[in-house]
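These are my notebook entries on what I looked up, written so that a first-year student can follow each step.

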Amino acid sequence: MLDRGMEIMSPAGSYESLSAAIQGGADSVYFGVGKLNMRSRSSSNFDIDDLQKISRICKEKNIKTYLTLNTVIYDNELDEIKRIIKIAKSSGINAIIASDTAVMKHASEIGLPVHISTQCNVTNIEAVKFWSQFGDVIVMARELSLKQVSDIVKAIEKENITGPSGELIKVEIFAHGALCMAISGKCYLSLDNMNYSANRGECLQICRRSYIVTDKEEGFELEIDNQYIMSPKDLCTIEFLDKIVKSGVSVLKIEGRGRSADYVKTVTQCYKEALKAVYEGDYNDDNIKKWKENLKNVFNRGFWDGYYLGRKLGEWADKYGSQAKYKKVYVGKVLNFFSKLNVAEIKMETKELSVKDLVMI
């Protein structure tokens, strides 16, 4: 009998994305506020004043809320961290995602549950035992194979490793979205080249660019066959979701706090449907093909299965940016909607529309 309690966690970088996650069937959402999270440069953050509203919206839909506080923290930020954690607790946020022990300590002191971030690079059962003193959910390093993840889950059950809540530690893995070339995202390329630290949520993703190798002696230039040698394709696990379920993983995380609402809804919906199909015996090649095609409609850099099935080397994108089947072009702005007539007033600003054009509002 399969455990039907697996949780699908979706990114929410805006109220639009939050609504999209809810519509897609997410069981939980994760989001950042301010600058102390791994998307600090992005516009995909809420303000601390939004926490209460987010919590209320999600509680009405029976969806859990997780606040990301997962950057490196310095001494001059400790008071701000305490303030954010206190407000998160009073707002009813279910847990925080953290990688700095100072954050974990302050959250634990006021009884706010902690999830251990992938930045902690947990790759073995001894590391699980150590981090279990701080968190009830532990995100595995992205470089593990599914067999390694499964062995850790079995060891947690066999050794009865529990977290602060007294319950068995839950294991979380990334299921879909962007992957970083660096181990657990710990990269210094952006800091070294552009003075923006990835470990402070400021990554400029210069690894996604193409590069030419220059011979310093003669000045000859060599263009590498695969130009994007530091830009992995996006992770996609929909084709072996049944194996993930059997591994005992408790939480599936969808990456993409910086991506659009249609991405969030499409990806969440596909994985929700696929998970239900696994449980109900409808997980088959035809359905997998359908979900894969739907996933190709939204932002992606091409797909591969990560390291879960035993690969040692990554697969690299063959062009810059999204490889989605459809390109979104801004057309105009909705000025009004007349609900009784079911008619919208739209100001055309950049393009014209024709009959049978595909329109997204």
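Before I turn to Asp234, I note that helices and strands here are DSSP runs numbered from the N terminus, a strand having at least two residues. I also note that this is a predicted model.

**Entry 1: a residue in a strand**

With that definition in hand, I placed Asp234 in strand 10, which covers residues 234-236. Is Asp234 buried or exposed? I found a relative accessible area of 0% for Asp234, and because buried means under 20%, Asp234 counts as buried. I then looked up what surrounds Asp234, leaving aside neighbours within four places in sequence, and found contacts with Gly177, Ala178 and Arg259, as well as with the run Phe299, Asn300, Arg301, Gly302, Phe303 and Trp304.

**Entry 2: two helices**

I learned that two packed helices are described by the angle between their axes and the distance between the axes. How do helix 2 and helix 3 cross, and within what distance do their axes come? I found that the axes of helix 2 (residues 51-60) and helix 3 (residues 78-91) come within 9 Å and cross at roughly 30 degrees, and that the crossing is right-handed. On the side of helix 2 I listed Leu51, Gln52 and Ser55, which meet Ile87, Ala88 and Ser91 of helix 3. Sorted by class, this contact holds three nonpolar and three polar residues, with no charged residue.

**Entry 3: a histidine in helix 4**

I located His106 in helix 4, which runs over residues 101-109. His106 has 12% relative accessibility and therefore counts as buried. When I set aside the neighbours within four places in sequence, the contacts of His106 were Ile81, Lys82 and Ile85. I also looked up the separation of His106 and Ile81, which are 25 residues apart in sequence and 8.2 Å apart in space, taken from C-alpha to C-alpha.

**Entry 4: aromatic rings**

How many aromatic pairs does a search of the whole structure find? I noted eight aromatic pairs. I kept in mind that a pair of aromatic rings is described by the distance of the centres and the angle of the planes. For Phe130 and Phe134 the ring centres are 6.1 Å apart and the planes stand at 65 degrees, so I entered this pair as edge-to-face, the cut-off for that class being over 60. Phe130 is partly exposed, with a relative accessible area of 44%, whereas Phe134, at 17% relative accessibility, counts as buried. Phe134 also pairs with Trp131, and here the centres are 6.0 Å apart with the planes at 50 degrees, so I wrote this pair down as tilted. Trp131 and Phe134 are both buried.

I next looked at Tyr15, which forms one aromatic cluster with Phe31 and Phe46. The ring of Tyr15 also has the charged end of Lys53 sitting over it, 4.5 Å from the ring centre. In another such arrangement, Lys253 lies over the face of Tyr30, at 4.6 Å from the centre of the ring.

**Entry 5: two asparagines in loops**

I looked up the backbone of Asn62 and found a positive phi of about 60 degrees, although Asn62 is not a glycine. Asn62 lies in the loop between helix 2 and strand 3 (64-69), and at 71% relative accessibility Asn62 counts as exposed. For Asn342, which is not a glycine either, I again noted a positive phi of about 60 degrees. The loop that holds Asn342 joins strand 13 (332-338) to strand 14 (343-348), and Asn342, at 61% relative accessibility, counts as exposed.

**Entry 6: separations along the chain and in space**

Where does Arg209 lie? I found Arg209 in the loop between helix 7 (189-194) and strand 8 (212-214), and with 41% relative accessibility Arg209 counts as partly exposed. From C-alpha to C-alpha, Arg209 and Ile346 are 37 Å apart in space, while in sequence they are 137 residues apart.

Finally I looked up Leu358, which sits in the segment after strand 14. At 72% relative accessibility, Leu358 counts as exposed. The C-alpha atoms of Leu358 and Lys328 are separated by 9.9 Å, and these two residues are 30 residues apart along the chain.

Note on methods. Residues are numbered from 1 along each chain as its sequence is written. This is a predicted model: local features need pLDDT of at least 70, side-chain atom pairs count only at pLDDT 80 or more; totals for chains, interfaces and linings use all residues. Side-chain values use heavy atoms; hydrogens and water are left out. Axes are lines fitted to C-alpha atoms, for helices over the stretch in contact, and angles run from 0 to 180 degrees between N-to-C directions. Helices (H or I, at least four residues) and strands (E, at least two) are DSSP runs, numbered from the N terminus. A crossing is left-handed if the near helix is turned anticlockwise from the far one by less than a right angle, and right-handed if clockwise. Contact means heavy atoms within 4.5 Å. Ala, Val, Leu, Ile, Met, Phe, Trp, Tyr, Cys and Pro count as nonpolar, Asp, Glu, Lys and Arg as charged, and the others, Gly among them, as polar. Rings of Phe, Tyr and Trp (its six-membered ring) pair if their centres lie within 6.5 Å; planes under 30 degrees apart count as stacked, over 60 as edge-to-face and the rest as tilted. Buried means under 20% relative accessible area, exposed over 50%, partly exposed in between (1.4 Å probe, protein chains only). A charge sits over a ring if NZ of Lys or CZ of Arg is within 6 Å of the ring centre and within 35 degrees of the ring normal.
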